[in-house]
Amino acid sequence: MTLYGVGLGPGEADLVTVRGKRVLEDADVVYSPGRLSRSVALEHVPEERIGDLEFPMTRDEEKLRTAWKEAAAEIAPNAREGDVAFVTLGDPNVYSTFGHLRRTIDAFHPDVDLEIVPGVSAVTAFATALGVEIEAGAGLSLREAAKGASPTGPDRMILFKVTDAPATHAGLLEAGYEVTYGRRLFMEQGETLVTDDPHEIDERDYYTLAYAEKADLEIEQATAAFRTDRTDGPSSDGDTEPDDATSNGESIADGGEPTVAGRSSAGETSSDRERGVEFRSLPEDSDVDGTLVDLERAEGCEHGDCSEHWY
Ligand SMILES: C[S@@+](CC[C@H](N)C(=O)[O-])C[C@H]1O[C@@H](n2cnc3c(N)ncnc32)[C@H](O)[C@@H]1O
């Protein structure tokens, strides 16, 4: 039988994965290390199957080791007899309490089978909540910024544990970053807040992160040309056909996503080449009405031309 580490996602009950939900529903006991994870788990399992674990609020490593050994000693026999789950917010392998449990189980109860069910991490959920796109080929670094720390260096960073936003902000600004904060993203408990103003979130709340991007960062995308072209067209409301890229009647999707260009089979024009836009024939079985498709030049794959980039 098995101990499952289950990622619950950022906090809204319907962001638990289908697999995570199934494991929770089937488990004999669902162990929860905190109030928030408990409340999410309760949306999927009855209270009598929740096993609460106590962890002391301390940085004393000896006390913490004792607490983890006690938790492992409680969980291991049940995981030998049946299936049990240990839940964490986000993903169990990202800055998570589950890591301590896994190492303690490995050390003292190595016969226990262990499986991990990944969850939607704040590492990915932040992008949608803050309206950020991490384009193909871009780098993104993960840092902690507790107690007003301002880590710097990478072009783009997600900062976890932002507990003193004004102090963190001052350091980041000085180092040339633009910063957006997100509090309680996709969480049912508490108020969700997204802001550029650190003073709006100067009250300490553990569930706060920041996205920092170098202000002078230059992002080169083939589709950026759509933005320029739009202003040259008959209308700039973003919904009409702006330029030669759509002159055969196909519209560009809202937000400028690359889409079927509806070109003649003559295909690529010199202005396309200047803009770095590539065209390629659609596969024969494609149900897209057009012979050529506009390809994003993906920085992440060789020649920007891998088979993953069909639209
Ligand atoms: C110990 S880490 C846990 C990360 C979690 N395992 C995950 O994968 O998202 C806790 C930090 O993650 C960030 N965080 C987690 N969930 C969040 C949410 N829903 N909204 C904002 N920040 C969140 C906060 O910075 C918080 O201090």
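1. Let me start with β10, since six of its seven residues are buried and the strand is therefore largely enclosed by the rest of the structure. Keep in mind throughout that this is a predicted model. On one side, β10 is joined to strand β7 (residues 156-160) by four bridges, and the two run antiparallel. Two of the facing pairs are easy to look up: Leu159 has Ala210 of β10 as its bridge partner, and Arg156 stands opposite Glu213 in β10. With β8, the pairing of β10 is again antiparallel, this time over seven bridges. There, Val179 stands opposite Ala212 of β10.

2. Step back from β10 and you get the sheet it belongs to. This is an open sheet of five strands in the order β6-β7-β10-β8-β9, and the pairing is mixed. β6 and β9 are the edge strands, each pairing on one side only. From one strand to the next, the twist averages 20°.

3. Where does the parallel part of that mixed pairing show up? Look at strand β6 (residues 141-144), which pairs with β7 in the parallel sense over four bridges. In that pair, Leu142 has Ile158 of β7 as its bridge partner. β7 itself is mostly covered, with four of its five residues buried. At the other end of the order, β8 and β9 pair in the antiparallel sense over three bridges, and Arg183 has Leu193 in β9 as its bridge partner.

4. A helix goes with this sheet as well. α6 lies across β7, β8 and β10, and runs at about 160° to β8. If you are tracing the chain by eye, β10 is a handy landmark here, being one of the strands that α6 lies across as well as a bridge partner of β7.

5. Two backbone spots deserve a look. Most residues other than glycine have a negative phi. Lys161 is not a glycine, yet its phi is positive, at about 55°. This residue sits in the loop between β7 and α6 (165-174). Is Lys161 buried or partly exposed? It has 17 other C-beta atoms within 10 Å, so it counts as partly exposed, the buried class starting at 20.

6. The second spot is Phe186, another residue other than glycine with a positive phi, near 50°. Its place is the loop between β8 and β9 (193-195). Phe186 is partly exposed too, because 18 other C-beta atoms lie within 10 Å of its own. I'd check both loops on the display.

7. Now the other sheet. Here five strands form an open sheet in the order β3-β2-β4-β1-β5, and the pairing is parallel. β3 (50-52) and β5 (113-117) are at the edges with a single partner strand each, so each has one side left without a neighbour in the sheet. The twist averages 25° from one strand to the next.

8. Within that sheet, strand β1 (residues 2-7) runs parallel to strand β4 (residues 84-88), and five bridges join them. Val6 is the residue to find if you want a reference point, as it stands opposite Val87 in β4. Helix α1 (residues 18-26) packs on the sheet and touches β1, β2 (29-32), β4 and β5, with its direction making about 135° with that of β1. Helix α3 (residues 61-81) lies across β1, β2 and β4, and runs at about 135° to β4.

9. On to the ligand. Which residues come nearest to it? Of the 25 residues around the ligand, these are Pro10, Gly90, Val94, Ser121 and Ala122. By class, the shell has 14 nonpolar, seven polar and four charged residues. Domain 1 (2-120) and domain 2 (123-214) each give the shell at least three residues. As for secondary structure, α5 (122-130), β8 (177-183) and β10 (208-214) each supply at least two residues of the shell. That brings us back to β10, the strand with six of seven residues buried.

10. Some overall numbers to finish. The protein has eight helices and 12 strands. Of its 311 residues, 30% are buried. Counting contacts between residues at least 6 apart in sequence, 57% join residues at least 24 apart.

Terms used:
Residues numbered from 1 in each chain as written. Predicted model: local features only at pLDDT ≥ 70, side-chain atom pairs only at ≥ 80, totals over all residues. Buried ≥ 20, exposed ≤ 12 C-beta atoms within 10 Å, placed from the backbone. Contact = placed C-beta atoms within 7 Å. Near = placed C-beta within 6 Å. Nonpolar A, V, L, I, M, F, W, Y, C, P; charged D, E, K, R; others polar. Domains from an automatic or database assignment. Pairing = 2+ DSSP bridges. Axes fitted to C-alpha atoms, helices over the stretch in contact; angles between N-to-C directions.
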